[in-house]
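Work through the two exercises below with the sequence and the model at hand, and try each task before reading its solution.

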Amino acid sequence: MTSRSQELFARANRLIPGGVNSPVRAFGSVGGDPPFIHSGSGSRIVDVDGNEYLDFIGSWGPMILGHAHAEVLDALGEVMGRGTSFGAPTEGEVRLAELIVDAVPSVEMVRLVNSGTEATMSALRLARAATGRDRVVKFRGGYHGHADAFLVQAGSGAATLGQPSSPGVPAGTAADTLVAEFNDTDGIRELFAEMGDAIAAVIVEPVSGNMGCIAPLPGYLETLRSVCDEFGALLIFDEVMTGFRVAHGGAQAVYRVHPDLTTLGKVIGGGLPVGAYGGRRDVMEMVAPSGPMYQAGTLSGNPLAVSAGIATLAHLAEHPEVYDRLDELGRHLDRRMGALVERHPDRLTWTRVGAMGGLAFAPAPVHGWAQVAESDQELFGGFFRDLLAEGIMLPPSCFEALFWSAAHTEGDMDRFADAAERSLSKRVSS
Ligand code: KE4
């Protein structure tokens with residue numbers, strides 16, 4: 001019997017490349033057809049055939065309060081009755097900017113855009129404008145959205161396609177993108193010694209969430225800060241994923257290293273399309289119309305989108321205990337995943353920072369792409385399908401992180417861990 005999802009996927013494939021509007025959703029690296037989702041509530045999503053899933057994608061990070069949170073829905077309802085977009089400044093944009101500036105330690109001024117890609121693309125242009133230099137350093141397996149400059153040795157969906165560098169990126173653009181290894185302090189120092197005077201910026205996910213979940217080694221972020229200071233480059237923390245997720249102030253609050261610019265997305269839109277870039281006032285004032293660096297957007301700061309972001313960030317600001325709860329759930333998962341790794345030490349590694357985690361199908365230690373690239377993708381595919389069959393939706397790629405929300409429970413974590421144990425005991429001879 002063809003399910004409604006399969007019927008929709010067949011229709012979608014005739015109209016939309018790969019049947020999806022973002023590659024990783026197509027289940028390309030895990031096999032099978034993706035269920036089409038009809039609704040979500042709390043930690044659950046339901047597909048168009050009525051199948052319910054315990055959700056660890058959380059829309060790839062935004063749904064930190066859980067799906068269909070009442071305060072977010074109420075905010076949307078209150079705004080949409082007054083119109084959805086004006087192309088003129090609105091009060092909500094100011095409120096969202098205040099919530100971001102109040103929370104993120106290094107952000108003095110912020111510009112709202114529509115996606116994480118727009119945020120990182122704009123931050124890079126700003127760093128180039130501020131320094132008069134062209135080169136940017138990113139890290140193998142780092143993913144910063146799909147702007148040309150970043151699709152060089154990228155992580156996330158680009159990695160699953162086995163082509164971390166995309167066709168269509170001009171050679172000249174790729175030549176200005178230098179690729180280093182995450183957590184390799186000697187490597188970054190050597191790179192700067194060789195060409196530091198030509199480097200406009202280093203862009204880094206302070207916790208790498210697009211090649212699983214990889215934490216910075218002690219002192220690593222401080223090294224990035226010091227080499228940028230020594231050579232006059234800007235340090236950009238891409239906190240699109242970690243912002244408001246690993247802590248209210250993001251990874252920069254956890255590791256106490258302040259970048260010059262920060263990019264944000266996901267949680268700050270509460271599930272609607274909002275991105276942002278911000279940081280030092282002297283740098284941000286170069287952005288048009290206050291300065292010469294041009295960046296614009298028809299729907300930037302859209303009143304409907306910012307209302308969901310305001311509701312989400314206001315809730316997080318008013319209820320700091322949410323982060324204690326997210327961490328409590330994470331510690332519960334640490335205990336269960338730790339026991340799993342102990343049973344299969346040569347096959348698995350578990351890492352968690354705040355409310356994001358990653359089960360790498362590679363032996364510890366996993367500090368960067370070199371180890372992640374050795375992941376057993378076939379084993380992950382079977383593991384993913386086993387859990388899906390038990391009604392647990394993981395991110396459909398071994399190069400992604402898991403996300404949970406304040407709506408998840410210890411029971412949800414146990415359900416995931418129990419299913420993981422069953423799958424691995426079936427698939428891995430210990
Ligand atoms: P968007 O353009 O997708 O809003 O944001 C791009 C981006 C930038 N920086 C970081 C650190 C990110 O993780 C992302 C997007 N993350 C992926 C998931 N790993 C989005 C999922 C998808 O591409 O469908």
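A salt bridge is a side-chain nitrogen of Lys or Arg within 4 Å of a carboxyl oxygen of Asp or Glu. The model is a predicted one, in which local features need pLDDT of at least 70 and side-chain atom pairs count only at pLDDT 80 or more, while totals for chains, interfaces and linings use all residues. Residues are numbered from 1 along each chain as its sequence is written, and side-chain values use heavy atoms, with hydrogens and water left out.

**Exercise 1.** Describe how domain 1 and domain 2 meet.

Step 1. An automatic or database assignment sets the domain bounds, and the chain is divided into domain 1 (4-68 + 320-427) and domain 2 (70-318).

Step 2. Contact (heavy atoms within 4.5 Å) involves 33 residues of domain 1 and 37 residues of domain 2.

Step 3. Between domain 1 and domain 2 the count of salt bridges is zero.

**Exercise 2.** Place the ligand relative to the domains, and find polar side-chain atoms that approach it.

Step 1. Domain 1 and domain 2 both give residues to the shell around the ligand, so the ligand lies between them.

Step 2. A polar contact is a pair of N or O atoms within 3.5 Å; within protein, one must be able to donate a hydrogen and the other to accept it, and residues adjacent in sequence count only if both atoms are side-chain atoms.

Step 3. A polar side-chain atom of Thr117 is 2.7 Å from a ligand oxygen atom, whereas Asn210 places a polar side-chain atom 2.4 Å from a ligand nitrogen atom.
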